[in-house]
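Here is a short tour of one protein chain, written for someone who likes to know which side chains meet which. Have the structure open as you read.

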Amino acid sequence: IVIPDIENSNVFDIYQPRVSKATLNEIQDFVNERNTLHVNAVVANPEYEEVTVDLGVKFKKGYDESYYLKKLNEDITRLLSPWAFKETAKIEFGTSLHRSTLIHYIEKLQYVDYLEDVKMKKGEKFYTLVSPETPIAILVSARQHNLRLAEDSCNETVETVEICQK
(Lines give C-alpha, C1' and ligand atoms only; values in the text may rest on other atoms or scores of the structure.)
Protein backbone atom coordinates (compact mmCIF):
# COMPACT_ATOMS: atom_id res chain seq x y z
CA ILE A 1 0.00 0.00 0.00
CA VAL A 2 1.47 3.31 -1.10
CA ILE A 3 0.94 6.69 0.55
CA PRO A 4 2.16 9.69 -1.45
CA ASP A 5 4.58 12.28 -0.10
CA ILE A 6 2.12 15.02 0.83
CA GLU A 7 4.81 17.38 2.16
CA ASN A 8 6.57 18.09 -1.12
CA SER A 9 3.81 17.83 -3.68
CA ASN A 10 0.37 19.09 -4.58
CA VAL A 11 -2.05 16.30 -3.77
CA PHE A 12 -5.46 16.35 -5.42
CA ASP A 13 -7.30 15.51 -2.17
CA ILE A 14 -5.27 16.21 0.99
CA TYR A 15 -7.77 14.26 3.13
CA GLN A 16 -7.49 11.13 0.99
CA PRO A 17 -4.12 11.31 -0.77
CA ARG A 18 -3.60 8.81 -3.58
CA VAL A 19 -0.83 7.89 -5.97
CA SER A 20 -1.54 7.88 -9.72
CA LYS A 21 -2.13 4.57 -11.51
CA ALA A 22 1.07 5.14 -13.54
CA THR A 23 3.13 5.47 -10.34
CA LEU A 24 1.46 2.38 -8.84
CA ASN A 25 2.35 0.38 -11.99
CA GLU A 26 5.92 1.69 -11.90
CA ILE A 27 6.37 0.65 -8.26
CA GLN A 28 4.75 -2.72 -8.88
CA ASP A 29 7.02 -3.43 -11.86
CA PHE A 30 10.09 -2.38 -9.86
CA VAL A 31 9.21 -4.68 -6.94
CA ASN A 32 8.22 -7.64 -9.13
CA GLU A 33 11.48 -7.45 -11.11
CA ARG A 34 13.30 -8.13 -7.85
CA ASN A 35 10.90 -10.81 -6.52
CA THR A 36 11.22 -14.54 -6.94
CA LEU A 37 9.04 -16.24 -9.53
CA HIS A 38 6.66 -17.47 -6.82
CA VAL A 39 5.81 -13.99 -5.47
CA ASN A 40 3.74 -11.43 -7.32
CA ALA A 41 3.43 -8.09 -5.51
CA VAL A 42 0.33 -5.98 -5.94
CA VAL A 43 0.70 -2.26 -5.26
CA ALA A 44 -2.37 -0.18 -4.44
CA ASN A 45 -3.62 2.98 -2.78
CA PRO A 46 -5.06 2.76 0.75
CA GLU A 47 -8.78 2.62 1.36
CA TYR A 48 -10.16 5.61 3.25
CA GLU A 49 -13.05 5.29 5.69
CA GLU A 50 -14.76 8.58 6.45
CA VAL A 51 -15.87 9.38 10.01
CA THR A 52 -18.59 11.96 10.68
CA VAL A 53 -19.12 13.43 14.14
CA ASP A 54 -22.66 14.25 15.26
CA LEU A 55 -23.13 16.34 18.43
CA GLY A 56 -24.77 19.24 20.20
CA VAL A 57 -22.50 21.93 21.62
CA LYS A 58 -22.89 24.86 23.98
CA PHE A 59 -20.24 27.56 23.66
CA LYS A 60 -18.97 29.65 26.53
CA LYS A 61 -20.67 32.99 27.05
CA GLY A 62 -19.56 35.70 24.64
CA TYR A 63 -18.45 33.37 21.81
CA ASP A 64 -20.11 33.88 18.41
CA GLU A 65 -22.07 30.68 17.74
CA SER A 66 -21.96 30.78 13.96
CA TYR A 67 -18.19 31.39 13.81
CA TYR A 68 -17.38 28.78 16.45
CA LEU A 69 -19.54 26.08 14.85
CA LYS A 70 -17.25 26.43 11.79
CA LYS A 71 -14.18 26.51 14.03
CA LEU A 72 -15.33 23.36 15.86
CA ASN A 73 -15.86 21.59 12.54
CA GLU A 74 -12.28 22.49 11.57
CA ASP A 75 -10.89 21.39 14.96
CA ILE A 76 -12.64 18.00 14.72
CA THR A 77 -11.29 17.60 11.19
CA ARG A 78 -7.83 18.49 12.51
CA LEU A 79 -8.09 15.66 15.10
CA LEU A 80 -9.24 13.04 12.60
CA SER A 81 -6.99 14.06 9.67
CA PRO A 82 -3.97 15.87 11.16
CA TRP A 83 -1.84 15.47 8.03
CA ALA A 84 -4.18 17.87 6.19
CA PHE A 85 -3.09 20.66 8.55
CA LYS A 86 0.46 19.84 9.67
CA GLU A 87 3.24 18.97 7.29
CA THR A 88 4.93 16.83 9.94
CA ALA A 89 1.89 14.68 10.76
CA LYS A 90 2.04 11.15 9.39
CA ILE A 91 -0.78 9.11 7.90
CA GLU A 92 -1.08 5.94 9.97
CA PHE A 93 -2.75 2.59 9.42
CA GLY A 94 -4.68 0.84 12.19
CA THR A 95 -5.51 3.98 14.16
CA SER A 96 -8.80 3.77 16.07
CA LEU A 97 -10.77 6.53 17.75
CA HIS A 98 -12.82 6.09 20.91
CA ARG A 99 -15.71 8.43 21.59
CA SER A 100 -14.24 9.35 25.00
CA THR A 101 -11.04 10.55 23.27
CA LEU A 102 -13.11 12.75 20.95
CA ILE A 103 -15.14 14.17 23.87
CA HIS A 104 -11.98 14.87 25.88
CA TYR A 105 -10.38 16.66 22.90
CA ILE A 106 -13.44 18.85 22.24
CA GLU A 107 -14.06 19.71 25.89
CA LYS A 108 -10.47 20.99 26.16
CA LEU A 109 -11.12 23.59 23.44
CA GLN A 110 -11.22 27.05 25.04
CA TYR A 111 -14.53 28.05 23.48
CA VAL A 112 -16.56 24.91 24.34
CA ASP A 113 -18.72 24.91 27.47
CA TYR A 114 -20.31 21.45 27.17
CA LEU A 115 -21.39 18.77 24.71
CA GLU A 116 -24.45 16.58 24.38
CA ASP A 117 -25.38 13.47 22.43
CA VAL A 118 -21.91 12.86 20.91
CA LYS A 119 -21.94 10.23 18.15
CA MET A 120 -19.40 9.01 15.59
CA LYS A 121 -20.72 7.71 12.29
CA LYS A 122 -18.90 5.58 9.74
CA GLY A 123 -20.99 4.53 6.78
CA GLU A 124 -24.57 4.24 8.00
CA LYS A 125 -23.79 3.09 11.57
CA PHE A 126 -22.93 4.91 14.79
CA TYR A 127 -20.02 3.69 16.94
CA THR A 128 -18.43 4.37 20.33
CA LEU A 129 -15.14 2.99 18.97
CA VAL A 130 -14.32 3.58 15.30
CA SER A 131 -11.70 1.34 13.71
CA PRO A 132 -10.73 0.63 10.10
CA GLU A 133 -12.48 -2.39 8.59
CA THR A 134 -9.36 -3.74 6.89
CA PRO A 135 -5.58 -3.48 7.44
CA ILE A 136 -5.24 -1.33 4.30
CA ALA A 137 -7.82 1.22 5.47
CA ILE A 138 -7.21 4.60 7.12
CA LEU A 139 -9.77 6.60 9.10
CA VAL A 140 -10.27 10.14 7.77
CA SER A 141 -12.47 13.03 8.70
CA ALA A 142 -15.59 14.01 6.86
CA ARG A 143 -15.27 17.55 5.56
CA GLN A 144 -18.52 18.58 7.22
CA HIS A 145 -19.70 17.23 10.57
CA ASN A 146 -23.24 17.34 11.95
CA LEU A 147 -22.87 20.04 14.60
CA ARG A 148 -25.75 21.86 16.23
CA LEU A 149 -26.26 24.15 19.20
CA ALA A 150 -27.21 22.32 22.40
CA GLU A 151 -30.58 23.10 23.89
CA ASP A 152 -30.23 25.26 26.99
CA SER A 153 -32.24 23.09 29.38
CA CYS A 154 -31.09 24.81 32.56
CA ASN A 155 -33.40 27.31 34.24
CA GLU A 156 -32.07 30.22 36.19
CA THR A 157 -34.99 30.52 38.62
CA VAL A 158 -34.40 30.33 42.35
CA GLU A 159 -36.84 27.41 42.76
CA THR A 160 -34.83 25.10 40.48
CA VAL A 161 -32.28 22.81 42.10
CA GLU A 162 -30.73 21.88 38.73
CA ILE A 163 -27.07 22.88 38.36
CA CYS A 164 -26.06 24.50 35.06
CA GLN A 165 -22.64 24.53 33.43
CA LYS A 166 -22.43 28.17 32.45
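A residue is called buried when its relative accessible area is under 20%, exposed when it is over 50%, and partly exposed in between. Lys-119 has a relative accessible area of 30%, so it is partly exposed. Please keep in mind that this is a predicted model.

**Salt bridges**

Lys-119 is a good place to begin. This residue forms a salt bridge with Asp-117, with 3.8 Å between the closest N and O atoms. Asp-117 has a second partner in Arg-148, where the closest N and O atoms are 3.4 Å apart. That second pair links distant parts of the chain, since Arg-148 sits in strand 7 and Asp-117 in strand 3, 31 residues apart. Asp-117, at 45% relative accessibility, counts as partly exposed, and Arg-148 is partly exposed too, at 33%. Together with Asp-54, the residues Asp-117, Lys-119 and Arg-148 are linked in a network of salt bridges.

How many salt bridges does a search of the whole structure find? The search finds nine. Another one of them joins the side chains of Glu-74 and Arg-78, at 2.8 Å from N to O. Both residues lie in helix 2, four residues apart, or about one turn of the helix. Glu-74 is partly exposed, with a relative accessible area of 34%, and Arg-78 is partly exposed with 29%. As a general point, side chains of opposite charge can pair when their charged atoms come close.

**Strand 1 and its partners**

Strand 1 covers residues 47-59. Is this strand mostly covered or mostly open? It is mostly covered, with eleven of its 13 residues buried. The table lists pairings of strand 1.

| Partner strand | Sense | Bridges |
|---|---|---|
| Strand 3 | antiparallel | eight bridges |
| Strand 6 (residues 137-141) | parallel | five bridges |
| Strand 7 (residues 146-149) | parallel | four bridges |

If you want to find these pairings on screen, some residue pairs will help. Phe-59 stands opposite Val-112 in strand 3, and Glu-49 has Leu-139 in strand 6 as its bridge partner. Asp-54, already met in the salt-bridge network, stands opposite Asn-146 in strand 7.

**The nonpolar cores**

Nonpolar side chains tend to be buried together in soluble globular proteins. Here the largest nonpolar core has 21 residues, and those with the most contacts inside it are Leu-55, Leu-72, Ile-76 and Ile-106. Strand 1, helix 2 (65-80), helix 3 (99-107) and strand 3 (112-122) each give two or more residues to this core. Strand 1 provides the largest share, five residues.

Leu-72 gives a close-up of the packing. Leaving aside neighbours within four places in sequence, Leu-72 is in contact with Leu-55, Val-57, Ile-106, Leu-109, Tyr-111 and Leu-147. Apart from the largest core lies another core, of seven residues, including Tyr-48, Ala-89, Ile-138 and Val-140.

**A buried asparagine**

One last stop is Asn-45, in the loop between helix 1 (21-34) and strand 1. Asn-45 counts as buried because its relative accessibility is 17%. What does the side chain of Asn-45 reach? It reaches the backbone nitrogen of Val-19, at 2.7 Å. Beyond neighbours within four places in sequence, the contacts of Asn-45 are Ile-1, Val-2, Arg-18, Val-19 and Leu-24.

Conventions:
Residues numbered from 1 in each chain as written. Predicted model: local features only at pLDDT ≥ 70, side-chain atom pairs only at ≥ 80, totals over all residues. Heavy atoms only, no water. Core = buried A, V, L, I, M, F, W, Y, C linked by side-chain atoms within 4.5 Å. Buried < 20%, exposed > 50% of the residue type's maximum accessible area, 1.4 Å probe, protein only. Contact = heavy atoms within 4.5 Å. Pairing = 2+ DSSP bridges. Polar contact = N/O pair within 3.5 Å; in protein donor to acceptor, adjacent residues only side chain to side chain. Salt bridge = Lys/Arg side-chain N within 4 Å of Asp/Glu carboxyl O.
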